[in-house]
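Thanks for making time this morning. I have one structure to go through, so let us put it on the screen.

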Amino acid sequence: MYYSLAGKWKVALPDGSSNVAEIPGTLDTNAIGHADRPDTTYHPDSDLGNKASEEVEEKIATRFRRKHTFEGPAQFVYRCDFLPEKNKRVFLEVERARCLTLFVDGKEIRPFAPSSLSTPNLFEITGLLTGDNELVLVSDNSYPGLPYDGIIQSSAATDNTQTNWNGLIGKVGIVCLNQTFIKALRAYPHQSKLSVQLDIVTTSDFEGVLNLHSSALVSDFTTKVKLKAGIHTLSFSDIPLSDQALRWDEYEGHLHELSADLGDIANISINFGIRTIASDDFGRLTLNGRRIFLRSETNCAVFPETGHPPMDVNSWLDMLTILQNYGVNMVRFHSWCPPEAAFVAADQLGILMQPELSYWDPQNAFSSKESKQYYRQELEQILNHYANHPSFVMLTFGNELFSDHNGHEEMTNLLNHARQIDSTRLFANGSNVHYGREGSDTASDFYTSGNFYHHKLRGAFAGNKNENQEPGRVGGYINQQYPNTLTDYTTTMDALLKEYQKPVFSFEVGQFEVLPDFDEIQDFHGVTIPENYQLIQEKVQKKGLMPTWKQRVAATGELSLLAYREEVEAVLRTESMSGISLLSLQDFPGQGTALVGMLNAHLEAKPFEFALAERFQSFFKDQLPLVLLPKYTYTSNEELIAEVKIANYGKNDLVGILTFELRNGKEIVGKGSIGSTEKITCPKGTLSNISTLKIKLADYTVATRLDLRIMLDNSETTYPIWVYPEVVTDLPDNIYEARSLDAQAVEVLNNGGTVYFAPDATKEAMPSSVVTQFTTDFWSVGTFPSQSGTMGQLIDADHPLFDRFPTETHSNWQWWAMASQRAFKLPDNYPAIITEMDSYAYLRPLAKLIEFRCGEGRILLSSMGLHNLQKYPEAAYLQAEIYRYLSSENFNPQAEIDLKTLAQICGK
């Protein structure tokens, strides 16, 4: 029997205040607490003193502001009139809370079983309920006696995302059971056999028959049991599973019911799935014996309306389905463990789950007695409570943990302990431990990091450009090297495999920031206020950028999307890797406001084409042709030569003729088969080397974008190609090209002439400029303030200069050489042919290509240093088109500038 305690509870805080709250719920959802102050990170009320109640006028720029906040013990009081049947054992259950203590009529009740922040709380109250009782639950989100710093930094409690809420959520109620009952039934499938564990509680000695029944078993299992009074764990191994029982797999949520009973005295039923997660002899991850490719999303517990995770299955079905539509097949829960409902939904959808302990300590992990005790307990509770969920395939001990020798010894002990509890899952000592700088942990079942010592496992890092670094020499390879689709991580993996032959997948890949869409502000109706978004909006309005803001959002999103594609395909090109973990498809509203997603903080697709699920899934999937292009840009009559591979990590072989199409817009300008004209087979679980594609490019007289489409069976992909005619870039006689705003340039302007101001793309030549990079900003300037902060190019694609230079309004690969230079800092937001967008932390007016009337003359300013980029056909052609434009009647600048302001831009 279950008796719900949902409803109105009284709440008492240490300051003597009394309130009424709706439970399940939190102080936040019930509008209880203090003002959220920007001058303290985690809001310890004892430190704030009487300031906690003062009205706060300052706005929080780095994260959402909580409407109410409180840290410390909160008393939740309920007058209970429930009177249970006699001869029943009675328990109070709270599905999720913080540190929880129960008092019944003033008497403290010890927990019936150990609890954690990640699992339900259970108290036995047998014999205490009279029909008129005061129940007091004290929930304390200051975590007394626990490793406060590690918990409060984690996604389980940080105000950067989930919030350090305080309350009682999920199921809150009283459970009445027989004197002998089965507390838990856990099923552990091993290939064709099943192991079972039961926790049986009996008030007195018990002797009887245990029956196990499931249609997934070859036959029912029956055994006699004889138990003393107390709590017992019984284990049974090698129970045969039926060959006809369907296996749980990706996208296939095949579940089976397993019931256990002790005759009429006690019974229990659970759902379980039959699956095997392991690695093969080559260190590749396998599911049910088949190699798979992890396409993981990192969930950081962003729930802006409630400040806590949903506790119902339907909400999680909606959330996980959205991610599946983008191609996700696994979710990593960054330093937190989701509730039961999340695993139930994942079980049904066939999506993999990787929870973590609520630990983020980049200094002294597992060094304190409190951390060792608590995280061992949390590990045990997670493994036991969520044991029956086949979606739960992996677990790590936390995010970016750093530790000394003793701490690592404890990690190894915990790994061994975890395997003793549950051998059907994979475990690692952490995600990105020591940032990968100390290599792998051979005791872990998998390795996930952005680095292996000095070797890289992703294409972008926090070291994006700043003034102390040379252009094109920092960040990851995407900002370092001329674009191609050849790059992979074979060199890293060759080094890694010398000491570690287990599954490897990359960590927190992407983090390409997108400018915020302010329309989301109207969607906030819950416990948080997006003051950080509002502050950005106010700054944008003040600087007069609103008319072009939507275009800027779209341009940064498109640039982010194509960078994500390169990150994903680089891993797919690396046969020895088992997958990739993104950060993130969803915006992260904290840490300086890191809006890196295709989805906003509400997990809704941003209302732009770049955020369409089908566009992301076009490359984020298990079967994908890969063309290994040495470059994206070619000259006319050059031959495109590229190797073609097929990444097939689906459930079926790909069979057919490999073909290609080359399109110029809607017109097909080339097509045929690649390699054999007979059908080929690309086996599942392989990266197949197919053939070499050779296409003789036509003699185009103007620059042309082509789209190369590759098809095999039901899998296809498309790459953009740009072809440029060879050009002569001689300077026309009527143009003065200046490297500085010298006296001759001023004279030409005064005499009504044309000046092309094109300095070297260096700080010395352009003192009033900033260094730029190809991609958008990494994560956020608030977290990584050393980076330049530029966000890519917004291009006036309809400008007559681009009549014969194909471009979109955003940077694409043909812009890489020019985009990776510098941008002028302007005194105001003048309209530009190429605007360099800036981080919302600065919103400086920046431009790469801009034109003015000055005095009697006209001037075009370029910060791209095209004269030093002539080895690139796109740069040579752009230079020629600039000369053509400057000599044409189309060169008719509308914006005017005086000589003094012009000199300021030009660094004079």
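Which residue takes a positive phi in the hairpin of strand 50 and strand 51? That residue is Gly855, with phi near 60°, in a hairpin that has 2 residues between the strands. Before I go further, please keep in mind that this is a predicted model.

Let me stay with strand 50, because 8 of its 9 residues, in the range 846–854, are buried, and the strand is therefore largely enclosed by the rest of the structure. Its pairing with strand 51, residues 857–862, is antiparallel and runs over 6 bridges. Within that pairing, Leu849 has Ser862 of strand 51 as its bridge partner. Strand 50 also pairs with strand 49, residues 834–838, in the antiparallel sense, over 2 bridges. There Leu849 turns up again, as the bridge partner of Ile834. Strand 48, residues 822–825, is another antiparallel partner of strand 50, again with 2 bridges. In that pair, Phe824 stands opposite Ala847.

Strand 50 runs through residue 854, and that brings me to the cysteines. How many disulfides does the count come to? The count is 0. Cys176 is in no disulfide, and the nearest cysteine sulfur, which belongs to Cys80, is 9.8 Å away. Cys176 is also buried, at 6% relative accessible area. Why is there no bond at Cys854? The closest cysteine sulfur, in Cys906, is 8.9 Å from the sulfur of Cys854, and that is too far for a bond; the cut-off is 2.5 Å between the sulfur atoms. Cys854 is buried as well, with a relative accessible area of 4%.

Now a second hairpin, formed by strand 38 and strand 39. Strand 38 covers residues 659–664, strand 39 covers residues 667–673, and the two pair antiparallel over 6 bridges. Asn664 has Glu667 of strand 39 as its bridge partner. This hairpin has 2 residues between the strands, and Gly665 has a positive phi near 70° there. Strand 38 also pairs with strand 42, residues 704–712, in the antiparallel sense over 5 bridges. One bridge there puts Arg663 with Asp707 of strand 42.

Next, an open sheet. In what order do its 4 strands come? The order is 16-15-18-19, and the pairing is antiparallel. Strand 16, residues 221–227, and strand 19, residues 267–272, stand at the edges; each has a single partner strand, so one side of each is left without a neighbour in the sheet. From one strand to the next, the twist averages 20°. As a reminder, strands of a sheet pair through backbone hydrogen bonds, either parallel or antiparallel. Strand 15, residues 206–213, pairs with strand 16 in the antiparallel sense over 7 bridges. Among the residues involved, Glu207 is bridged to Lys226 of strand 16.

On to the backbone. There is a cis peptide bond from Ile23 to Pro24, with omega near 10°. Pro24 sits in the loop between strand 3, residues 18–23, and strand 4, residues 25–26. Another cis bond joins Leu583 and Ser584, and its omega is about 5°. Ser584 belongs to the loop between strand 33, residues 579–583, and helix 11, residues 613–617.

Thr163 has a positive phi, near 85°, in a residue other than glycine. Its loop runs between helix 2, residues 148–153, and strand 12, residues 167–177. Is Thr163 buried or exposed? It counts as buried, because its relative accessibility is 2%, and the limit for buried is under 20%.

Tyr435 is not a glycine either, and its phi is positive at about 55°. Tyr435 lies in the loop between strand 27, residues 426–428, and strand 28, residues 447–449. With a relative accessible area of 27%, Tyr435 is partly exposed.

Tyr435 also leads to my last item, the second largest pocket, which has a volume of about 940 Å³. The pocket is lined by 41 residues, and the closest to its centre are Glu400, Tyr435, Gln591, Thr783 and Phe784. How does the lining divide? There are 16 nonpolar, 17 polar and 8 charged residues.

That is what I had to show.

Note on methods
Residues numbered from 1 in each chain as written. Predicted model: local features only at pLDDT ≥ 70, side-chain atom pairs only at ≥ 80, totals over all residues. Heavy atoms only, no water. Buried < 20%, exposed > 50% of the residue type's maximum accessible area, 1.4 Å probe, protein only. 1 Å grid on protein atoms, 1.4 Å probe; cavity = no way out; pocket = protein on both sides within 12 Å on 5 of 7 lines; lining within 4 Å. Points joined across faces, edges and corners; volume = space filled by probe spheres on them. Nonpolar A, V, L, I, M, F, W, Y, C, P; charged D, E, K, R; others polar. Pairing = 2+ DSSP bridges. Axes fitted to C-alpha atoms, helices over the stretch in contact; angles between N-to-C directions.
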